[in-house]
Amino acid sequence: MRRRIQGLHDADQSAALEIPDGLFLVRVDRAQYRWHGQKPYYLLRFMVLESRLLAGRPITGRVYCTQKALWKLTWFLRDFGYDADLLGKDEIDDQALVGLQGVLKVSHTIVHGISVLNLDGFAPLSRWKELSPTASDDPPGSEVA
């Protein structure tokens, strides 16, 4: 049996606000170090600069600071143009992260029934033209950042 319930599709506002999987040109809007006994991390808030349809929308994700995850943190810092002198001293200045720009690849996975956003890859701002989904015939997300 089918029932029509007026407005049902409008009730799930979270689906309309969700960022799709793919590549985005972003700027770091906020960076906060969060200490956690087992897995300290940086909580990063990015603002989408491109794609045009999602410009101005935030993307929030974590980059972990554990020994096993330092490669990803270094990848992010290097590709987004973080200060090489500070990086060479093993120092991260939260305020120096704000304003950095680059390419971000995101995807979603389901963990214990909850949709989780993954920061899958990073690339320098200079590679946006070559990686941009609108700059090629490839579908979004087909390039590895």
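Which residue forms a salt bridge with arginine 127, and how many Å apart are the closest N and O atoms? I looked this pair up at the start and found that the partner is glutamate 130, with the closest N and O atoms 2.9 Å apart. Arginine 127 has a relative accessibility of 29%, so I have entered it as partly exposed. I note here that I am working from a predicted model.

**Entry: overall layout**

I went through the secondary structure of the protein chain and listed 5 helices and 5 strands. Reading from the N terminus, I wrote the order of the elements as α-β-β-β-α-α-α-β-β-α. The chain has 145 residues, and I noted that 32% of them count as buried.

**Entry: strand β1 and its partners**

I then followed strand β1, which covers residues 22-34 and pairs with strand β4, residues 101-111, in the antiparallel sense over 6 bridges. To fix the register I looked up valine 26, whose bridge partner in β4 is glycine 102. Strand β1 is also joined to strand β2, residues 41-50, and here I recorded 9 bridges and again an antiparallel run. I marked β1 and β2 as a hairpin, with 6 residues between the two strands.

Within this hairpin I looked more carefully at arginine 27, which is found in strand β1 and stands opposite methionine 47 in β2. Its relative accessible area is 28%, and I have therefore put arginine 27 down as partly exposed. I also checked arginine 27 against proline 58, which is 31 residues away along the chain, and the C-alpha atoms of the two are separated by 9.6 Å. As a reminder for reading these strands, side chains in a regular strand alternate between the two faces of the sheet.

**Entry: the other salt bridges**

How many salt bridges does the count come to? I have 3 in my list, and the pair of arginine 127 and glutamate 130 is one that I have already entered.

Another is formed by the side chains of aspartate 29 and arginine 45, which meet at 3.2 Å, N to O. Aspartate 29 lies in strand β1 and arginine 45 in strand β2, so this pair ties together parts of the chain that are 16 residues apart in sequence. I looked up the exposure of both partners, and aspartate 29 counts as partly exposed at 30% relative accessibility, while arginine 45 is partly exposed with a relative accessible area of 24%.

I also entered aspartate 79 with arginine 78, where the closest N and O atoms are 3.4 Å apart. Is aspartate 79 buried or exposed? Its relative accessible area is 12%, so I have written aspartate 79 down as buried, whereas arginine 78 is exposed with a value of 52%. In general, side chains of opposite charge can pair when their charged atoms come close.

**Entry: helix α2 and the residue after it**

Aspartate 79 led me to helix α2, residues 70-79, where I found Leu73, Trp75, Phe76 and Leu77 buried along with Asp79. Just after α2, I noted that glycine 81 takes a positive phi of about 80°.

**Entry: surface patches**

I turned last to the surface and began with negative charge, where Asp83, Asp85, Asp90, Glu91 and Asp93 gather in a patch. Of these I followed aspartate 85, which is found in helix α3, residues 84-88, and which is exposed with a relative accessible area of 58%.

Which residues gather in a patch of positive charge on the surface? I listed Arg30, Arg34, Lys39, Arg62 and Lys68. Lysine 68 has its place in the loop between β3, residues 58-64, and α2, and because its relative accessibility is 77%, I have entered lysine 68 as exposed.

Finally I recorded a nonpolar surface patch of about 230 Å², which is made by Val111, Ile114 and Val116. Isoleucine 114 has its place in strand β5, residues 114-124. I checked its exposure too: the relative accessible area of isoleucine 114 is 54%, and exposed here means over 50%, so isoleucine 114 goes into my notes as exposed.

Key. Residues numbered from 1 in each chain as written. Predicted model: local features only at pLDDT ≥ 70, side-chain atom pairs only at ≥ 80, totals over all residues. Heavy atoms only, no water. Pairing = 2+ DSSP bridges. Helix = DSSP H or I, 4+ residues; strand = E, 2+ residues; numbered from the N terminus. Patch = residues over 30% accessible without salt bridge, like charges linked within 9 Å, V, L, I, M, F, W, Y side chains within 5 Å. Areas by Shrake-Rupley, 256 points an atom, 1.4 Å probe, with all protein chains shown as cover. Salt bridge = Lys/Arg side-chain N within 4 Å of Asp/Glu carboxyl O. Lys, Arg positive; Asp, Glu negative; His and termini not counted. Charge placed at Lys NZ, Arg CZ, Asp CG, Glu CD. Buried < 20%, exposed > 50% of the residue type's maximum accessible area, 1.4 Å probe, protein only.
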